[in-house]
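Work through the following exercises with the sequence and the 3D structure at hand. Each task is followed by a solution in steps.

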Amino acid sequence: MTETPDRPCYTHPLEILWQDEDMVVVYKPAGWLVHRTAIARHETRFVLQTLRDQIGQHVWPVHRLDQGTCGVLVFALSKEACQKLAACFADHSAHKHYLALARGWLPDTVEVDYALQPDDAPEDAPAQPAQTLLRCLAHLEWPEAYDPRHASTRVSLVEAFPKTGRRHQIRRHLKHESHPIIGDATHGKGPLNRWWAERIGLHRMWLHAHALEIPHPRTGQVLRFCADWRQLAHVPEVQQWQQLLAVPGWKATERGLPESCGTLLPTPASTEKESCQRTKKKDFR
């Protein structure tokens with residue numbers, strides 16, 4: 001069975017988070033490709049072409065986000081700026097911050113150091129070093145059981161900080177930890193994805209590029225771009241995340257949500273014995 005994520009209807013231009021003479025930063029909608037590709041000839045929505053037409057000038061893609069991922073995306077406004085910005089991703093001076101919904105209760109902090117072979121590489125190609133820091137922000141216990149071995153179904157709200165930039169790194173690292181992203185048709189669990197989508201009325205990959213820090217290509221000043229949910233409350237994907245976190249039963253860890261996500265969760269559950277923060281064993285239910 002083919003999974004088709006919900007695709008919000010956009011009737012407004014792309015949200016521009018920053019623009020100057022060297023670069024432009026936008027909020028990428030879920031379901032959009034960054035640019036045209038022969039692999040997806042049937043697609044009609046591309047950020048690059050839409051942004052080019054919207055601002056009336058050529059733009060250069062600096063990095064990529066998966067089609068199902070929403071959030072902060074950077075473009076350069078010149079070849080020179082593109083080279084400098086792309087170099088920041090190559091030398092790891094660009095720092096990315098993601099949010100994800102994962103199966104089970106993730107421990108408070110997990111440092112994943114697990115090499116990844118490129119997806120399109122030959123079977124004998126060497127794996128490349130890959131590291132991701134994962135932190136649990138909140139957890140939810142759904143009263144129905146997806147897995148008959150358990151009495152309920154558990155999910156975690158996770159923040160991820162990839163230290164390297166391998167393709168599908170966060171998705172593959174969470175799968176490696178047995179906490180795949182909900183809605184991930186490639187690296188997740190299809191039946192669970194559909195089961196969860198039926199419960200909350202939304203079918204999508206729950207991965208969000210929330211913030212990015214990167215040196216400016218001209219001045220070198222480190223800038224932080226954030227998809228602040230308080231300022232983007234009218235954006236369909238932000239509304240979906242807010243709808244998700246409005247589901248009764250969420251319990252935040254002491255870390256809680258970033259301020260830029262607003263006040264969406266109850267008081268941190270720091271005193272609960274079974275809080276996500278205190279989980280010692282992995283819980284995959």
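A cavity is a set of grid points where a 1.4 Å probe fits but cannot get out, and its volume is the space filled by probe spheres set on those points. The model used here is predicted.

**Exercise 1. Overall make-up**

Task: State how many helices and strands the protein has, and what share of its residues is buried.

Solution.
Step 1. The secondary structure comes to five helices and 11 strands.
Step 2. Buried means under 20% relative accessible area. Of the 285 residues in the protein, 53% are buried.
Step 3. Among contacts with a separation of 6 or more, 66% are between residues 24 or more positions apart.

**Exercise 2. The largest cavity**

Task: Find the volume of the largest cavity, and say which strand gives the most to its lining.

Solution.
Step 1. Searching the whole structure gives two cavities of 30 Å³ or more.
Step 2. The volume of the largest cavity is about 40 Å³.
Step 3. Its lining consists of His-63, Leu-65, Val-72, Lys-96, Tyr-98, Ala-209, Ala-211 and Leu-212.
Step 4. Strand 5 (95-103) and strand 9 (207-215) each provide at least two of the lining residues. Strand 9 gives the most, with three residues.
Step 5. Sorted by class, the lining has six nonpolar, one polar and one charged residues.

**Exercise 3. The second largest cavity**

Task: List the residues that line the second largest cavity and sort them by class.

Solution.
Step 1. The second largest cavity holds about 30 Å³ of space.
Step 2. Ile-182, Gly-183, Asn-193, Trp-196, Ala-197, Leu-202, His-203, Arg-204 and Trp-206 form its lining.
Step 3. By class, these are five nonpolar, three polar and one charged.
Step 4. Two of the lining residues, Arg-204 and Trp-206, also meet in another way: the charged end of Arg-204 sits over the ring of Trp-206, 4.8 Å from the ring centre.

**Exercise 4. An aromatic pair**

Task: Describe the geometry of the pair formed by Trp-206 and Trp-241, and place both residues in the chain.

Solution.
Step 1. Two values are needed, as a pair of aromatic rings is described by the distance of the centres and the angle of the planes.
Step 2. The structure has five aromatic pairs in total. In the pair of Trp-206 and Trp-241, the centres are 5.0 Å apart and the planes are at 90°, an edge-to-face arrangement.
Step 3. Trp-206 is in the loop between helix 4 (190-200) and strand 9, while Trp-241 is in helix 5 (residues 236-245); the two are 35 residues apart, and the pair links distant parts of the chain.
Step 4. Trp-206 has a relative accessible area of 1%, so it is buried. Trp-241 is buried too, at 0%.
Step 5. Trp-206 and Trp-241 belong to one aromatic cluster with Trp-229.

**Exercise 5. Cys-226**

Task: Is Cys-226 buried or exposed, and which residues does Cys-226 contact beyond its neighbours in sequence?

Solution.
Step 1. Cys-226 belongs to strand 10 (residues 222-226).
Step 2. The cut-off for buried is under 20%. Cys-226 has a relative accessibility of 19%, so it counts as buried.
Step 3. Neighbours within four places in sequence are left aside; the contacts of Cys-226 are then Leu-17, Val-72, His-210, Ala-211 and Ser-260.
Step 4. The C-alpha atom of Cys-226 is 6.5 Å from that of Leu-212, a residue 14 places away along the chain.

**Exercise 6. Helix 3 and the loop that follows**

Task: Explain why helix 3 counts as largely enclosed, then describe the surroundings of Asp-184.

Solution.
Step 1. Helix 3 (residues 169-176) is largely enclosed by the rest of the structure because six of its eight residues are buried.
Step 2. These six are Gln-169, Ile-170, Arg-171, Arg-172, His-173 and Leu-174.
Step 3. Their cover includes strand 5, strand 6 (109-113), strand 7 (131-142), strand 8 (153-162) and strand 9.
Step 4. Just after helix 3, Ser-178 has a positive phi of about 65°.
Step 5. Asp-184 is located in the loop between helix 3 and helix 4. Its relative accessible area is 0%, so Asp-184 is buried.
Step 6. Apart from neighbours within four places in sequence, Asp-184 contacts Arg-171, Lys-189, Asn-193 and Met-205. Of these, Arg-171 is one of the buried residues of helix 3.

Conventions:
Residues are numbered from 1 along each chain as its sequence is written. This is a predicted model: local features need pLDDT of at least 70, side-chain atom pairs count only at pLDDT 80 or more; totals for chains, interfaces and linings use all residues. Side-chain values use heavy atoms; hydrogens and water are left out. On a 1 Å grid over the protein atoms alone, a cavity is a set of points where a 1.4 Å probe fits but cannot get out, and a pocket is an open set with protein on both sides within 12 Å along at least five of seven lines; lining residues have an atom within 4 Å of a point. Helices (H or I, at least four residues) and strands (E, at least two) are DSSP runs, numbered from the N terminus. Ala, Val, Leu, Ile, Met, Phe, Trp, Tyr, Cys and Pro count as nonpolar, Asp, Glu, Lys and Arg as charged, and the others, Gly among them, as polar. Buried means under 20% relative accessible area, exposed over 50%, partly exposed in between (1.4 Å probe, protein chains only). Contact means heavy atoms within 4.5 Å. Rings of Phe, Tyr and Trp (its six-membered ring) pair if their centres lie within 6.5 Å; planes under 30 degrees apart count as stacked, over 60 as edge-to-face and the rest as tilted. A charge sits over a ring if NZ of Lys or CZ of Arg is within 6 Å of the ring centre and within 35 degrees of the ring normal.
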